[in-house]
Amino acid sequence: MNRIRVLNESVANQIAAGEVIERPASVVKELVENALDAGASRIGVEIDGGGAERVRVIDDGCGMSPEDAGLAFERHATSKIREAADLAAVRTFGFRGEALASIASVSDVTLTTGDGSSGGGWRVTIRAGRRVAAGPAPHPRGTTVEVGHLFLNAPARRKFLRSASTEVAQIVDRLTRAASAHPAIAFSLRSGGRELLNWPPAPAAADRLLQIMGADLGRSMLRVERREGPVRVSGLASVATVHRPTARDQHLYVNARPVRDRGVLHAVRQAYAGLLPTGRHPAVHLFLEIPPAEVDVNVHPAKSEVRFLRPGAVHDLVRHALNEALVGSPVAGRMEPAGRMVHEPGPAPAWVARPSRAGERPPAGTPPGSTPDVEAREPEAGGLEAAGLLHRVPFDALAQYRESYILASAPDGLVIVDQHAAHERILYDRLLRDSLASRVERQRLLFPVTLEVPATHVRAFEIVSDTLAGLGFAISLFGPTTLKVEEVPVLAIGSDVARLVRELLDEVLEWDRMDGWEALRHRIAASAACHAAVRANHALAPEEMNRIVLDLMRCDRPTTCPHGRPSLLRMPLDRLEREFGRR
């Protein structure tokens, strides 16, 4: 019996679908790109059930003739590529011929189109890859594609789809990227009959970004512009005092195509080096215009990556453009409008060893006594007593060093406490403990805070609204892209509420649902605690230092903050006595 056989067309199409159709958002991306290539000036998207039940994309582009409408569902059929040489200078988006065929192989598809001729329109209906009807149908110039019951014949794929809210958030993200790169085109999105997005045409990319981000965030962005030869970069970048906990808000478009590129992201990091607190990231929206012959867009099946002919030149162009924009920009660590410091302490001095775990040995070959005996040990069951850090005697705060570290005495040595990391651990434990007991102490704001957020963050809020309520936040929708905050947990009083809420929603967007809801609660609580904790470079009274040290010692895991950074370091007494020649 032969081991090698040719797959039938249905199976081959499903395999092709797996390369580009991962979820409803993939369908939206492919259909929107086809509409862009058709020269549409308006693109409308309608979805039901998070897109799994129905996706409908309407455009007013050039439309198709009856003959082209039938050929559009054939594998490798395309109007955008004629010969192999065309691949070296691709100017279109949805040039993969099998995109429509792949979608049709795993769903019900109805395509209705008209090219504006007197013959009217034409409709083609396909079910799970098989054509079931084709014939005349009225339709103005343009095309409407309706996709229903995604993965109807691939239940194994369908069961891996996330909740409807999560899938909607993915669609919003894809549509936002397309709209960002095409400001002259109107975009809209409706879900279950409810309007989620409605962006009219904008004169330039920067204006479209302001539509998407809202005026509040727009005021914190710098315009970026630089050209070297035939290559140009433009866009917006955040001032150094505005930063994010993740790199999610770093967007790159190459010839209006949203992509990811490590070289460009590295250039962004270099431009902001030394300007941001450790672990924080800028928001950038960069648009690269480059001759098609100098960029390969056919690297990835979903066209999410590119390869540059001169990657070093592109890297330097982006870095120089950002450096020019940042000249004169406020530096992170100075006072925010709310009057709170945001600067984090820099790298630990060389004499402070990395945290070591109980029982961990120095690297092989390390001479005895060559590494400082400074350690931060993770306590075993039984808390600090079992870890040898507390012998039923409280630490005594002695002094504050550089308004960032608390020096405290312990029965067996000296302890150095990072006041921000320690306070963060205290507040995090308290918030989680109180939320589990439904006793989070709340504070109603005298004046509710309203904030404009991108549509992606609105979807994130809908996913996590119950979790936020359990952690002490009273937040509601106050418009299509506006949130109103009326209550916050008491520990967050004094925080920049608008910034805090934005970062909590950033955590939702970064969250992997496979990690579970408890992981999301952890991320949100940790972010809230970080915002509320006392900052570095902040003077503390003696009683405040003692309270932080005492409360830290009562935590189950006092040696690290919720993000894993050390909160205290210990220098044993015998080490001190050896250094001073007493032993």
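In this predicted model, Thr176, Ala179 and Ser180 of helix α6 are in contact with Ala205, Arg208, Leu209 and Ile212 of helix α7. Sorted by class, the contact of α6 with α7 comprises four nonpolar, two polar and one charged residues. Helix α6 covers residues 164-181 and helix α7 covers residues 205-213. Their axes lie 8 Å apart and enclose an angle of about 150°. Because angles over 145 degrees count as roughly antiparallel, α6 is described as roughly antiparallel to α7.

The aromatic residues form the next topic. A pair of aromatic rings is described by the distance of the centres and the angle of the planes. A search of the whole structure yields two such pairs, and the table sets out their geometry.

| Aromatic pair | Centre to centre | Between the planes | Arrangement |
|---|---|---|---|
| Tyrosine 253 and phenylalanine 287 | 4.7 Å | 10° | stacked |
| Tryptophan 511 and tryptophan 517 | 5.0 Å | 45° | tilted |

The pair of tyrosine 253 and phenylalanine 287 links distant parts of the chain, the two residues being 34 residues apart. Tyrosine 253 belongs to strand β11 (residues 250-254), whereas phenylalanine 287 belongs to strand β13 (residues 284-289). Since buried means under 20% relative accessible area, tyrosine 253 counts as buried at 2% relative accessibility. Phenylalanine 287 likewise counts as buried, with a relative accessibility of 9%.

In the pair of tryptophan 511 and tryptophan 517, the planes are 45° apart, and the arrangement is therefore tilted. Tryptophan 511 has a relative accessibility of 10% and so counts as buried. Tryptophan 517, at 38% relative accessibility, counts as partly exposed.

A further residue to consider is histidine 315, which lies in helix α10 (residues 311-326). Its relative accessible area is 14%, so histidine 315 is buried. When residues up to four places away in sequence are not counted, histidine 315 touches Gly263, His266, Ala267 and Gln270.

Finally, the confidence of the prediction deserves attention. The protein has a mean pLDDT of 82, and 80% of its residues reach 70 or more. Over residues 332-393, however, the pLDDT is below 50. Beyond near neighbours in sequence, this stretch has 107 contacts in the model. Where pLDDT is low, the predicted coordinates should not be read in detail.

Methods. Residues numbered from 1 in each chain as written. Predicted model: local features only at pLDDT ≥ 70, side-chain atom pairs only at ≥ 80, totals over all residues. Heavy atoms only, no water. Axes fitted to C-alpha atoms, helices over the stretch in contact; angles between N-to-C directions. Helix = DSSP H or I, 4+ residues; strand = E, 2+ residues; numbered from the N terminus. Parallel < 35°, antiparallel > 145°, perpendicular 65-115°, else oblique. Contact = heavy atoms within 4.5 Å. Nonpolar A, V, L, I, M, F, W, Y, C, P; charged D, E, K, R; others polar. Phe/Tyr/Trp six-rings, centres within 6.5 Å; stacked < 30°, edge-to-face > 60°. Buried < 20%, exposed > 50% of the residue type's maximum accessible area, 1.4 Å probe, protein only. pLDDT = per-residue confidence, 0-100.
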